[in-house]
Each structure stands twice: as C-alpha cells, then as structure tokens.
Amino acid sequence: MSKSLLVLLFSTYLLATVGYLAHLIWRRPIIARLSLSLVGAGVLLHSGLLAHRWWAAGYLPVTNLFATLFFFSWALALIYLYFELRYRIRATGLFVMLLNLALLGGALPRNPAISPLIPALDTPLFSLHIIFSFVGYAFFAMAFSIAVLYLCQVRLQTSMLPDLTTLRRINEEAIFLGFGLFTLCMVAGSLWAHIAWGHWFSWNIKSVWSVLVWIFYSGMCHAKFVRRWQGSVYAWLSIVGFGVVLFTYLGIGLLLESNHPLE
C-alpha cells in the first residue's frame, strides 16, 4: 500500500474534522455538508484501500497492529456515516472523527506490509471473527463518543450539540448493535477454535478478557431498562466499557503476554 495514499486518507479525515470544528464556531450548514462529504470521500478511499489489500492478500489482512488499527478506523468512519445519515448529528462528528484520527494516526508509522497467514487462521471463520469483532468495537467506540457528548450536554445545555434524548437513543442503539456483533464474534471464534485446536474456548488472557467485555455489555443492554442506570450513569458505563475494550484490544498485547493467535 502506498504511503502517499495513507497520508491522503488521513488528510481527508483531518480536513473533515477541521470542518466540523469550523461548523461549531460559525454554524454554517454548508461547512457541515462539506465536512460530511469529506468523510464520505474518506470512507470510499478507505474502503478501496481495504478491498485492494484483501484482494492482494487473498484473505482479510487483519493480522497485525497496523492492519487492525486500519480496519478499526474504517469501521468507525462507516458507522459514523450511518448515525449521521440516520440522526443528522453533525456537531457530534467532531469528537468521533478525532477518535478516528487517533486510530488511523496510530497505524501510519507502522509497516503496512501484509504478513503470511498461518494455517490456523486460513478459514472463513477467521474473517467473520475479525469483522464481527472490530465492527462491534467500532460501535462501542461510537457509544463512548456519544457518552462523552451526553455528559457535556448535561452540563452545558447548548444548542451546538444534539438534545439529550437523541444522544441517549444513539448511545443505546450503538451499545445494542455492538453487543449483537460482538456476540457473533464470540460464536465465530469458538467455532474457529474448535476446528483449529479441538476445543471451544482457550483460557488465554485475551480470550478471558473478551468474555469480560461480552458480560459487561450484556449487562449494559439490560441496564437501559433500569431507571437508576439511565442517563448520566449509562453514559459513564459506556466510557468505562470502552476502556475495557481498549485494554482487551491494545493493553494485553502491549503490556502482557498472551498466546492468542493474533498476538
């Protein structure tokens, strides 16, 4: 993959982020529309680069930190577009795109070369496991972003942000969709492990923490129906939950030892 195309992709998202900031300052609808167009252009370029890597490798190339950050960033940008087109949350795009820039910026300095696929990963279940996992992570990242904005709106009560009801609805929807996809990730991973190694679950630390992520968000799906857990408490839970996701995704690989096959 050409570094210049990666820089172009990063620059497109960066311009969209600057545009959202300008929209917050000057409140011009045309700036918001231009920023949304830049996000859409970025997603198209991102999708093209991902498809090219997939075609060149012959499998979904998400086997190292560059590839997972690149895929995570793509999923988050795509999910933001979904919520923007569904709810028209333009000002919210600033915070979501900042998070997206952090993911893509973390990938830029790393080697984009595609590594050979080990035999244990050479199965369609591997691709399904990865897709469900990182798209689920992206929904949790979206929920985290919305939760931060919800807490800001509780304090500021500003017209620059969506109302609390809309933010709450988006947060709950992102959690629900993310949990559903992460559940499918766990199912695909179990089937993959059984076929590859003859057991449904491996007690490596990353698998254990993945189960903890699943338990946490299953509890959140129930918490939305409990009055005392709604509102600001639910927003804080969304923030804490994403912290658990980041530890499971990055913290274990960087700080601890794991025999998970993607380490």
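A residue is called buried when its relative accessible area is under 20%, exposed when that area is over 50%, and partly exposed in between. C152, at 31% relative accessibility, therefore counts as partly exposed. The structure described here is a predicted model.

**Cysteines**

The structure holds zero disulfides. C185 is in no disulfide, and the nearest cysteine sulfur, that of C221, is 15 Å away. The cut-off for a disulfide is a pair of cysteine sulfur atoms within 2.5 Å, so this distance of 15 Å rules out a bond between C185 and C221. With a relative accessible area of 2%, C185 is buried, whereas C152 is partly exposed.

**The nonpolar core**

In soluble globular proteins, nonpolar side chains tend to be buried together. In this model, the largest nonpolar core has 83 residues. Those with the most contacts inside this core are F72, F83, F140, M142, Y217 and F242. The helices α1 (3–26), α2 (29–57), α3 (65–87), α4 (93–107), α5 (124–156), α6, α7 and α8 (232–255) are the elements that each give two or more residues to the core. Helix α5 provides the largest share, 20 residues.

F140 illustrates the contacts of one such residue. Apart from neighbours within four places in sequence, F140 is in contact with I175, G178, F179, F182, V213, Y217, F242 and V245. Among these partners, Y217 and F242 are also listed with the most contacts inside the core.

**Two buried positions in α3**

Helix α3 holds A77 and also S73. A77 is buried, with a relative accessible area of 0%, and S73 counts as buried at 0% relative accessibility. Not counting residues up to four places away in sequence, A77 touches Y13, V43 and N100. The C-alpha atoms of A77 and V43 are 6.5 Å apart in space, although the two residues are 34 apart in sequence. With the same exclusion of sequence neighbours, S73 touches Y13, H46, N100, L103 and L104. Y13 and N100 thus appear in the contacts of both A77 and S73.

**Salt bridges**

Side chains of opposite charge can pair when their charged atoms come close. A search of the whole structure finds three salt bridges, listed below.

| Pair | Closest N to O distance |
|---|---|
| R86 and E173 | 3.3 Å |
| E172 and R168 | 3.0 Å |
| K224 and E172 | 3.9 Å |

The pair of R86 and E173 links distant parts of the chain: R86 lies in helix α3 and E173 in helix α6, 87 residues apart. E173 counts as buried, at 15% relative accessibility.

E172 and R168 both lie in helix α6, four residues apart, which is about one turn of the helix. E172 is buried, with a relative accessible area of 11%, while R168 is partly exposed at 31%.

K224 lies in the loop between α7 and α8, and its pairing with E172 in helix α6 joins parts of the chain 52 residues apart. K224 counts as partly exposed, at 24% relative accessibility. Through shared partners, the salt bridges join R168, E172 and K224 into one network.

**A nonpolar surface patch**

V187, L191, W200, F201 and W203 make a nonpolar surface patch of about 570 Å². One of these residues, F201, is found in the loop between α6 (164–197) and α7 (205–223). At 31% relative accessibility, F201 counts as partly exposed. Patch residues must have over 30% relative accessible area, so F201 passes that cut-off.

Notes
Residues are numbered from 1 along each chain as its sequence is written. This is a predicted model: local features need pLDDT of at least 70, side-chain atom pairs count only at pLDDT 80 or more; totals for chains, interfaces and linings use all residues. Side-chain values use heavy atoms; hydrogens and water are left out. Patches are made of residues with over 30% relative accessible area and no salt bridge: like charges are joined within 9 Å, nonpolar side chains (Val, Leu, Ile, Met, Phe, Trp, Tyr) within 5 Å. Accessible areas come from the Shrake-Rupley method with a 1.4 Å probe; for residues, only the protein chains shown count as cover. A salt bridge is a side-chain nitrogen of Lys or Arg within 4 Å of a carboxyl oxygen of Asp or Glu. Buried means under 20% relative accessible area, exposed over 50%, partly exposed in between (1.4 Å probe, protein chains only). A nonpolar core is a set of buried Ala, Val, Leu, Ile, Met, Phe, Trp, Tyr and Cys residues joined through side-chain atoms within 4.5 Å. Contact means heavy atoms within 4.5 Å.
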